[in-house]
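Student: Hi! I have a structure open and would like to go through it with you. Can we start with the sheets and work outwards?

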Protein chains: 2
Amino acid sequence: MPEKHYLFTPGPTQLPPEVLEVLARPAIHPRGPAFKQPYERVLGRLKEVFRTEHDVLLFSSSGTGAFESAVANLTEPGERALVVSSGSFGERWADMATRYGADVDHLRYAWGETPDPVDAQARAAGAAVVYVVHSETSTGVVSDVEALAAAAKDAGALVVVDAISSIGAVQCETDAWGLDVVVCGSQKALMTPPGLGLVSVSPAALAKARETSTPRFYFDWERTREAQAKLDTSFTLAVPQVLGLDVALGLLLREGLEAAFERHVRLGRATRAGIKAMGLELASPDEDRSAVVTTVHAPDELDVSVFLLDLCERLGVQLIGGQGEWSGKVFRIGHLGWFDIFDLTTALVAVEDGLAAAGVEIERRVAVAAALEAYEAARV
Amino acid sequence: MPEKHYLFTPGPTQLPPEVLEVLARPAIHPRGPAFKQPYERVLGRLKEVFRTEHDVLLFSSSGTGAFESAVANLTEPGERALVVSSGSFGERWADMATRYGADVDHLRYAWGETPDPVDAQARAAGAAVVYVVHSETSTGVVSDVEALAAAAKDAGALVVVDAISSIGAVQCETDAWGLDVVVCGSQKALMTPPGLGLVSVSPAALAKARETSTPRFYFDWERTREAQAKLDTSFTLAVPQVLGLDVALGLLLREGLEAAFERHVRLGRATRAGIKAMGLELASPDEDRSAVVTTVHAPDELDVSVFLLDLCERLGVQLIGGQGEWSGKVFRIGHLGWFDIFDLTTALVAVEDGLAAAGVEIERRVAVAAALEAYEAARV
């Protein structure tokens with residue numbers, strides 16, 4: 001039979017057919033009349049999904065590019081910045097801010113730890129900008145961004161949030177929590193291919209950007225904001241992704257954000273229950289907030305890359321391993337975006353099969369039942 | 001009947017159905033096994049199309065973003081840079097280099113003029129980098145990049161070429177002409193949607209980049225080069241565009257680059273012949289090299305934006321007006337990428353129809369015949 005493929009990575013994620021369909025439409029010009037309506041709708045829907053009254057800026061870039069727009073617009077060399085990290089992406093932002101000449105205070109937790117807002121409170125004094133990660137995709141930790149932001153605001157700092165894999169999956173209240181800058185990518189819970197970075201920017205952040213001297217052009221916020229205000233684009237946008245995002249955001253808003261958040265909580269519980277039932281150990285926290293990606297400690301005897309390749313080649317199932325210092329030590333199952341319970345039972349069956357094929361001793365034929373039970377028990 | 005739409009802009013351009021088809025494929029992970037083969041093929045095909053032995057780096061960005069990678073990697077603040085401009089994009093690069101702290105000598109021609117390599121020769125002394133535009137999409141001028149590059153090399157400068165709309169349309173010999181950096185975008189003659197910037201980088205340019213202190217992260221060449229060498233990606237790539245580019249480059253190489261260049265020359269001649277036959281005046285040069293876009297002086301009595309909107313709404317034909325100082329004064333017909341003679345006869349008929357509807361006095365019913373005659377006469 002023709003092969004079936006299953007993508008269970010924490011981004012890029014699976015794409016609904018409604019999104020795929022618009023990607024293949026004949027080209028339109030992003031400054032022509034055919035683009036105006038979907039573009040205006042995307043900009044409006046993004047505000048709803050980010051829960052902000054302010055502009056959400058679009059860049060043709062990855063999430064890292066969009067995050068760099070925050071560093072490039074907000075960094076005045078020599079000024080203090082606090083970066084809170086507990087994994088690969090937080091450490092990347094500390095590196096990036098350092099390269100841009102910020103005087104970086106790096107509040108660095110071990111990978112897999114959850115940042116403590118009390119620590120941030122103690123370290124935020126004197127910082128012009130505080131960078132925090134909402135969903136640390138490398139570990140599965142989702143931090144208490146509301147409390148971290150409050151600590152930063154108490155110190156008078158601007159708060160920049162890496163919400164690349166959290167927007168649309170777990171609650172992120174841009175305006176209510178006072179988040180000055182919230183960065184997201186199209187290819188995570190927003191169910192769109194990679195290629196668009198999304199950045200909400202508060203008036204205070206825009207004002208700061210007007211004062212900083214760091215050179216930037218492509219990622220300049222003011223230029224992009226001015227263009228978007230006229231439904232123009234400063235530079236040619238990735239048109240298929242904008243059209244796809246329009247459709248995907250429509251699907252998300254039709255489900256309802258609260259319903260989507262609940263679905264992610266239930267899928268997270270189900271996945272963790274299945275993993276634990278096999279006798280495996282979680283590397284991501286066993287708590288409801290961490291509903292984006294489940295990270296699993298690889299048993300000592302497992303060669304993770306061989307295991308993952310076997311799942312791809314034999315079963316058509318794509319999971320992913322660890323990044324950086326967790327490379328070879330964990331594997332990750334994404335459940336953000338267009339995921340339902342059947343995706344997770346498939347992923348769990350595949351993990352079970354692959355581990356058994358690799359000769360790892362696990363409990364067999366219990367994971368799916370445990371996952372389904374947890375999923376049902378979590379019904380609100 | 002269902003409306004038909006015709007996109008005749010100088011980028012984004014029309015997409016062959018073979019390219020559209022792969023855009024709508026289910027998501028794959030850019031670090032998974034399914035991506036390796038098309039990715040490796042794209043990197044190889046890009047070298048063929050750029051005519052270089054060196055790496056062509058991929059960025060998820062527009063062409064401007066890719067060009068900024070050159071400025072960010074090569075600028076040491078205070079060092080002299082010569083920017084040769086004769087239109088919107090050249091002026092953008094002068095602005096960009098200035099913002100990055102280069103000591104910019106701006107050799108600025110009036111819009112529509114063709115840069116003279118003798119002038120560049122006289123001004124290049126002392127410049128660390130010379131920035132030139134191959135195809136100035138805002139005017140239709142294609143410059144003699146070979147001679148401009150020779151002038152820069154004589155002065156010991158690195159040469160950066162904006163070939164965003166020229167690669168695949170007109171001859172650009174990256175290695176043979178000693179072009180250190182050549183920047184292209186996916187959405188022009190490469191027949192792929194916008195979202196990928198492509199940058200070939202010579203060893204000398206890479207060596208210079210290792211010495212410059214300008215902050216950059218997303219657009220850092222060395223980081224991207226190292227990742228590509230392992231068939232990895234430094235940051236998540238716009239997967240649909242990479243898959244589309246693979247197919248599009250295959251189509252272009254199957255046609256053959258020389259055949260594609262000849263086709264563009266013939267389409268340029270045909271378009272200019274048709275425009276002149278109507279009694280309109282060209283704003284782009286009436287020479288074979290300028291085979292990418294034809295720019296037409298708008299008759300005084302014409303409201304260009306009303307005319308263009310009428311073509312869109314009444315005929316489904318999308319042309320585009322002028323940028324910057326040529327806004328309202330010209331309109332442009334693209335003929336780069338997936339264009340054949342029928343596209344141009346359609347465009348000419350639409351222009352004729354739209355001008356007549358706007359009450360402009362032109363010669364009627366002669367443009368298509370003149371275009372076809374020029375097209376045939378140009379057969380090699």
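Student: In chain A, what is the order of the strands in the open sheet of 7 strands?

Tutor: Happy to help, and keep in mind that this is a predicted model. The order in chain A is β2-β10-β9-β8-β5-β3-β4, and the pairing is mixed.

Student: Which strands are at the edges there?

Tutor: Those are β2 (56-60) and β4 (103-108) of chain A, each of which pairs on one side only. Ignoring direction, neighbouring strands of this sheet are turned by 20° against each other on average.

Student: Mixed pairing, ok. Which strands run parallel?

Tutor: One such pair in chain A is β5 (residues 129-133) with β8 (residues 158-162), joined by 5 bridges. Within that pair, A:Val133 has A:Asp162 in β8(A) as its bridge partner.

Student: And which ones run antiparallel to β10(A)?

Tutor: β2(A) is joined to β10(A) by 5 bridges in the antiparallel sense. β9(A) is also antiparallel to β10(A), again with 5 bridges. For the register, A:Ser60 has A:Leu196 as its partner in β10(A), while A:Val181 is matched with A:Val201.

Student: So is β10(A) buried or exposed?

Tutor: Mostly covered: 6 of its 6 residues are buried. On one side you find A:Leu196, A:Leu198 and A:Ser200, and on the other A:Gly197, A:Val199 and A:Val201, with both faces covered.

Student: Which helices pack on this sheet?

Tutor: Among them is α2 (residues 33-50) of chain A, which touches β2, β9 (181-185) and β10 (196-201) of chain A. The direction of α2 makes about 115° with that of β2(A). Then there is α4 (residues 88-99) of chain A, lying across β3 (80-85), β4, β5 and β8 of chain A. Helix α4 runs at about 165° to β3(A).

Student: Let's switch to β14 in chain A. How many of its residues are buried?

Tutor: 5 of the 5 residues of β14 (residues 330-334) of chain A are buried, so this strand is largely enclosed by the rest of the structure. A:Val330, A:Arg332 and A:Gly334 point one way, and A:Phe331 and A:Ile333 point the other way.

Student: An arginine in there, noted. What is β14(A) joined to?

Tutor: β11 (residues 293-297) of chain A runs antiparallel to β14(A), with 5 bridges between them. In that pairing A:Val296 is partnered by A:Phe331. β13 (residues 320-321) of chain A is antiparallel to β14(A) as well, through 2 bridges. Your arginine shows up here, as A:Arg332 is the bridge partner of A:Ile320.

Student: What about chain B, where do β11, β13 and β14 sit in its sheet?

Tutor: They form an open sheet of 3 strands in the order β11-β14-β13 (chain B), with antiparallel pairing. β11 (293-297) and β13 (320-321) of chain B have a single partner strand each, so one side of each has no neighbour in the sheet. Helix α10 (residues 257-277) of chain B packs on this sheet, touching β11 and β14 of chain B, and its direction makes about 15° with that of β11(B).

Student: Nice. How are the two chains related?

Tutor: Chain B can be laid on chain A by a turn of 180° and a shift of 0.0 Å along the axis, with an RMSD of 0.0 Å. That is the relation of a two-fold axis. The same surface serves both copies, since 100% of the contact residues of chain B recur in chain A.

Student: How many residues of chain B are in contact with chain A?

Tutor: 48 residues of chain B are in contact with 48 residues of chain A. The elements of chain B that each supply at least two residues to that side are α1 (17-23), α3 (63-74), α4 (88-99), α9 (239-255) and α11 (304-315). α3(B) gives the most, with 4 residues.

Student: What is that side made of, by class?

Tutor: On the side of chain B that touches chain A there are 26 nonpolar, 19 polar and 3 charged residues.

Student: Last one: which residues have the most contacts inside the largest nonpolar core?

Tutor: A:Ala97, A:Val183, B:Ala97 and B:Val183, in a core of 264 residues. Leaving out residues up to four places away in sequence, B:Ala97 touches B:Val71, B:Thr75, B:Ala81, B:Val83, B:Ala102, B:Val104 and B:Tyr131.

Notes. Residues numbered from 1 in each chain as written. Chains lettered and ligands numbered in written order. Predicted model: local features only at pLDDT ≥ 70, side-chain atom pairs only at ≥ 80, totals over all residues. Core = buried A, V, L, I, M, F, W, Y, C linked by C-beta atoms within 7 Å. Buried ≥ 20, exposed ≤ 12 C-beta atoms within 10 Å, placed from the backbone. Contact = placed C-beta atoms within 7 Å. Nonpolar A, V, L, I, M, F, W, Y, C, P; charged D, E, K, R; others polar. Least-squares fit on C-alpha atoms with pLDDT ≥ 70 in both. Pairing = 2+ DSSP bridges. Axes fitted to C-alpha atoms, helices over the stretch in contact; angles between N-to-C directions.
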